[in-house]
2 protein chains.
Amino acid sequence: MKLETIDVRQSASAADLVFEALRKAIIEGALAGGEHLRQDHIAQMFNTSRIPVREALKRLEQDGLVTNERYKGTVVAELSTAEVEEIFEFRALIESEVIRLAVPRLDARRLDEARGHLEDFAGEADPSLWGTINRNFHYSLYAASERPYHLQIVRSSLDRVDRYLRAQLTLTDGMRRARQEHEAIFDACARGDADEAARLTRAHILDASRSLTAFLENRRR
Amino acid sequence: MKLETIDVRQSASAADLVFEALRKAIIEGALAGGEHLRQDHIAQMFNTSRIPVREALKRLEQDGLVTNERYKGTVVAELSTAEVEEIFEFRALIESEVIRLAVPRLDARRLDEARGHLEDFAGEADPSLWGTINRNFHYSLYAASERPYHLQIVRSSLDRVDRYLRAQLTLTDGMRRARQEHEAIFDACARGDADEAARLTRAHILDASRSLTAFLENRRR
DNA sequence: CTATTGTATATTGGATCCAATCTGAGTAAA
DNA sequence: TTTACTCAGATTGGATCCAATATACAATAG
């Protein structure tokens, strides 16, 4: 008898699971900036020893999501307003270029997918889901760029500021503006106007940045 | 009595030392692509247990310098020609923008430093040092941009392709062309012409990319 | 009462040990 | 000859134990 060789999805290691869970918690804001991540505590939560936890923390540190001081421990990274601003400036540069590359490669399927996220975004009442839908919308367009490295960097830079971006969407009128801007971006993509899509994406990110830094400065005062 | 409070430089952890050593070996090409990194072997080389080695390998994996398969091990990452090309395309985008931001902030000290690296580059006979001098030249200019996040990404993307870039400098006429292009970039910076410096930097990186991909395609045939 | 010192506890970093899995040589069967 | 199978060694992943350091708090001197 000959069986199909099934590509058994190799189960993730404990370290991978811990890493993904912590990453998600940080970018969603479930873990606040400055919060102390105790190895022991996390290990108990995941029913493992501290070893996989430590590997996960090292990976998070490499991504800039946490910082570690020897013998003191690991805390969720906090960004200054200047740092947030710089990362948004960076995103504006990369993401506008990525969408410029994506537009000529967009097909009907992807456009439909993006339109779906657009509608989800407009129809979703629960603010805790806006951040994820926002990401999905942009990614569904960016994916067409066929630039895996660029997309990885986009993901990494967005990870760092996602907590702040979610706050901005929720706590200001960011959601309303984002919706309008998304529609304009989508229209430019549907028309095949890459330069306009790039220009609008850049403006969209810088708009969010201005709104967010104003909000942060207010908060801190 | 009052003593000067000296900032005792906290000794790096074993994991940090291993990480830096392996990183250096990979970007310099001392460890070839595809090479298997055995935890045990590395641990012995550094006189430690495997624990810090594993943490270092996790960090390298996060940076894309190595890849890991569960229970199989960690190997030095190998990039396809397409991947190398994409990373150079990315670098052209970022580094041209970084130097545009840097030019208006360049002062005499930094320009002198860059000129020094330029002369080092021209005068150095040992090809194994060209890669590092090349990096130093560009960094001394980029540093003025005052964009720590951008610089970190520049470092990370260059790390991934540095092995290949060094090969291109050494094994083709890349060195000669790089020297000419560096001089042109430096002149534009010294004149304060940010747009021209950005344009030349972009061309410099894309030129190296073309030369390198041609070289790699030849090699693989 | 305050500042300094000593000490106990908590926490992290690293070493050693055990379990899970891969790999490859050797063997048997078609 | 070739293919499948078995088993031993090698290697990785994870658990447990020990060492180094930090932190909080009590004790003591001024």
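# Exercises on two interfaces of a predicted model

The rule finds 3 residue pairs in polar contact across the interface of domain 1 of chain A and domain 2 of chain A, both residues at pLDDT 80 or more; the model is a predicted one.

**Exercise 1.** Describe which residues make up the side of domain 1 of chain A that touches domain 2 of chain A.

*Solution.* Begin with the secondary structure: helix α1 (residues 14-27) of chain A gives the most to this side, with 3 residues. Then sort the residues of that side by class, which yields 5 nonpolar, 3 polar and 3 charged.

**Exercise 2.** Locate the two domains of chain A and state how much area they bury between them.

*Solution.* The domain assignment places domain 1 at 14-76 and domain 2 at 81-220 of chain A. Taken over C-alpha atoms, the centres of these domains are separated by 27 Å. At the boundary, 11 residues of domain 1 are in contact with 7 residues of domain 2. The two domains of chain A bury about 800 Å² between them, and 42% of it lies on carbon and sulfur atoms. Of the area that domain 1 buries against domain 2, 52% is supplied by Arg23(A), Ile27(A) and Asp63(A), more than by any other three residues.

**Exercise 3.** Identify the salt bridge between domain 1 and domain 2 of chain A and test it against the cut-off.

*Solution.* The count between the domains is 1 salt bridge. Arg23(A) forms a salt bridge with Asp159(A), and their closest N and O atoms are 2.7 Å apart. The criterion asks for a side-chain nitrogen of Lys or Arg within 4 Å of a carboxyl oxygen of Asp or Glu, so the pair Arg23(A) and Asp159(A) qualifies at 2.7 Å.

**Exercise 4.** Characterise the interface of chain A and chain B by its area, its polar pairs and the composition of the chain A side.

*Solution.* First, the extent: 32 residues of chain A are in contact with 34 residues of chain B. The area buried between the chains is about 3,100 Å², with 53% given by carbon and sulfur atoms. In chain A, the residues that lose the most area to chain B are Gln62(A), Arg70(A) and Tyr149(A), together 23% of what that side buries.

Second, the polar pairs: the rule finds 4 salt bridges across this interface. Glu89(A) forms a salt bridge with Arg147(B), where the closest N and O atoms lie 2.8 Å apart. In addition, 12 residue pairs are in polar contact, both residues at pLDDT 80 or more.

Third, the composition: α1, α3 (50-62), α4 (81-102) and α7 (148-171) of chain A each give two or more residues to the side that touches chain B. By class, that side has 12 nonpolar, 8 polar and 12 charged residues.

Methods:
Residues are numbered from 1 along each chain as its sequence is written. Chains are lettered from A and ligands numbered from 1 in the order in which they are written. This is a predicted model: local features need pLDDT of at least 70, side-chain atom pairs count only at pLDDT 80 or more; totals for chains, interfaces and linings use all residues. Side-chain values use heavy atoms; hydrogens and water are left out. Domain bounds come from an automatic or database domain assignment. Contact means heavy atoms within 4.5 Å. Buried area is the accessible area (1.4 Å probe) that two parts lose on being put together, summed over both. A polar contact is a pair of N or O atoms within 3.5 Å; within protein, one must be able to donate a hydrogen and the other to accept it, and residues adjacent in sequence count only if both atoms are side-chain atoms. Helices (H or I, at least four residues) and strands (E, at least two) are DSSP runs, numbered from the N terminus. Ala, Val, Leu, Ile, Met, Phe, Trp, Tyr, Cys and Pro count as nonpolar, Asp, Glu, Lys and Arg as charged, and the others, Gly among them, as polar.
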